[in-house]
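Visitor: I am new to this structure and would like a close look at a single part of it. Please take your time and connect that part to what lies around it.

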Amino acid sequence: ALAADPGGRASDARDAFARGAAHCGSVHLVHAWASFEAAEQQHDAARGLYERALALDPASAYVRHAWGALERDVFHDDAKALALFEDASAAKSALLDVAAAETRYGGDVRRLRAHLLELLGARSPRRDDAVVYRAFARCAMSGDERVAALQRALEAEPRSGAAAVELAEAYEDDLGDPRRARAFLRSFLDGGPRNGTKGRDPRGASQRRCAAKALARLERDAFGNLDQAARWYARALREDSASGKPDCGVAIAAAECAVERGHHALARDLLGRAAKAHPKCASPWIALAKLDVARGDRDAAERCFAVALKAEPTHGAASLALGKCRHEVWRDAEGAKEAYRGGLSTLHRGRETSRAYAQWAPALWHAWAQVELAQDAHGRAATLLNRGLKEIDWARRKRRRLPTHGKDEAFLRHSLGSLELRRKRPKEALDAFRSGYARLEPTTRPTRRDRSASLLLLGAAKASAACETARHDADERDAPPGPSPLVKKAAERLAGS
């Protein structure tokens, strides 16, 4: 099944899974089959297979976690997810404890934090404490606290590439020390001492790939060292050589780095291999389209966008990128509107059953509004911006609010405030800016919201100044007129007469 999957032969993979499952009652095989179907977005089939796997091993924490995550994130059934996570027959597992807590408390960071502390206090130290420490790091109240939690996670599970990457990000973002982040990741990949421990730990390819990709990103973005970044991207891709299926995100990042170094042929080769290995993924085709846009070949770019939309119709990034290219590069406003309208129409068909609509719709409404604004169609733009805000409110009511919605709402309200300023309505603009700022998600990581906050605060300052100017103008209009110079002149003439 795994040999068939890299080439995109989903039917061959399913046939291999089915023949294997018919001859052996292996929970691992059926679980792998269910995960394959989930990755192929065959969610109903995945749900049935998870149920079948759980019947083979009712205590399996891994099956319960994967099935519960599917129910929560795809079918939006929190009650079913909690039942799977908290069933008395389940094996004791930090994976399930954390999943249940995050499902139950959602965005209530303080209650989630308190519950995780209780979990750590009630448990004797063991390897899967890493899961709890990483969850606690996500709701830590300071950078130092986050770093300490992630260091404890790595002590519990030294081979965890995900925890290593999160710790490097904490060094960079929370402590403002990218050099420490770089040194730590190099040490992790080289097997040197870290967190006070010495010696080498065997790590899987996925762990090494995860760390190498993070180090490449750091070299490229924080230090501008493209040659070193290319080296680490190549290392990350080599870790996938045994499977024959390069990680899509790594391949795209490596291609972007190659373009920045002027190696366009290499970039196209990397993306072509990623597209072949991931035929159901739109991202490589979007990246290929952008290469064609850069060299001025609209026909080739449009073909790549069409393949991307066919491969993954609910991946809103394809519609966003197509609309942006049509509007900003090819000056085709009507074509851009068609791209956004088509993306929203496709996503709306799965509005109730898929998270894709909640994920992409606000950004698509916002992008469409920008086209209308460029044409001075203020009324239509306001309608579209308010529609985007309405979709975020709908997602909140349905408990489908996503992490991206904070940024989406900030930009929607900023655009709405800017529109009101253009319409000479400073009070309404100020309300929009203030409302957007008040709705920013609380965070202990200021860098994560600086751009949104800055835009809204700047907009509020402009609106406040416009309000003050309007009040001053109104006061001048309403003030009684002062004595005219003609009055004095007339008085002088009367006195003279």
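Which residues touch the most other members of the largest nonpolar core?

Guide: Please keep in mind throughout that this is a predicted model. The largest nonpolar core has 74 residues, and those that touch the most other members are Leu116, Phe184 and Tyr233. Helix α14 gives the most to this core, with nine residues. For a close look, let us take Leu116, which, leaving aside residues up to four places away in sequence, touches Val98, Val132, Ala135, Phe136 and Cys139. Apart from this core lies another one, of 31 residues, which includes Ala333, Ala356, Ala381 and Leu402.

Leu116 is one of the buried residues of helix α7, together with Leu112, Arg113, Leu119 and Leu120. Helix α7 covers residues 109-122, and its 14 residues reach 20 Å from the first C-alpha to the last, which is close to the 20 Å expected at 1.5 Å a residue. When one looks down the axis of α7, the buried residues fall within an arc of 120 degrees, and so they line one face of the helix. On the other side of α7 one finds exposed residues, namely Arg110, Arg111, Glu118, Gly121 and Ala122. As for what covers the buried residues of α7, the cover includes α6 (94-105), α8 (129-138) and α9 (143-156).

To place this part in its setting, the protein as a whole has 25 helices and zero strands. Of its 497 residues, 45% count as buried. Among the contacts in the protein with a separation of 6 or more, 53% are accounted for by residues 24 or more positions apart. The surface that the protein exposes comes to about 25,400 Å², and carbon and sulfur atoms supply 52% of it.

Beyond the nonpolar cores there are also charged pairs to follow. Side chains of opposite charge can pair when their charged atoms come close. With nitrogen and carboxyl oxygen atoms counted as paired within 4 Å, the count comes to 38 salt bridges. In one of them, Arg14 pairs with Glu37, and the closest N and O atoms are 2.7 Å apart. This pair links distant parts of the chain, since Arg14 lies in helix α1 (residues 10-23) and Glu37 in helix α2 (residues 27-39), 23 residues apart. Arg14 is partly exposed, at a relative accessible area of 26%, whereas Glu37 is buried, at 4%.

A salt bridge also joins the side chains of Arg220 and Glu260, at 2.8 Å from N to O. Here too distant parts of the chain are linked, with Arg220 in helix α12 (residues 205-221) and Glu260 in helix α14 (residues 248-260), 40 residues apart. Arg220 is buried, with a relative accessible area of 15%, while Glu260, at 43%, counts as partly exposed. Helix α14 is thus met again, having already appeared as the helix that gives the most to the largest core.

Asp269 and Arg273 form a further salt bridge, in which N and O are 3.2 Å apart. Because these two residues are four residues apart in helix α15 (residues 264-277), about one helical turn separates them. Both Asp269, at a relative accessible area of 40%, and Arg273, at 45%, are partly exposed. Finally, salt bridges that share partners join Arg268, Asp292, Arg295 and Asp297 into one network.

Methods
Residues numbered from 1 in each chain as written. Predicted model: local features only at pLDDT ≥ 70, side-chain atom pairs only at ≥ 80, totals over all residues. Heavy atoms only, no water. Buried < 20%, exposed > 50% of the residue type's maximum accessible area, 1.4 Å probe, protein only. Expected span 1.5 Å × (residues − 1). Arc of directions from axis to C-beta. Contact = heavy atoms within 4.5 Å. Core = buried A, V, L, I, M, F, W, Y, C linked by side-chain atoms within 4.5 Å. Areas by Shrake-Rupley, 256 points an atom, 1.4 Å probe, with all protein chains shown as cover.
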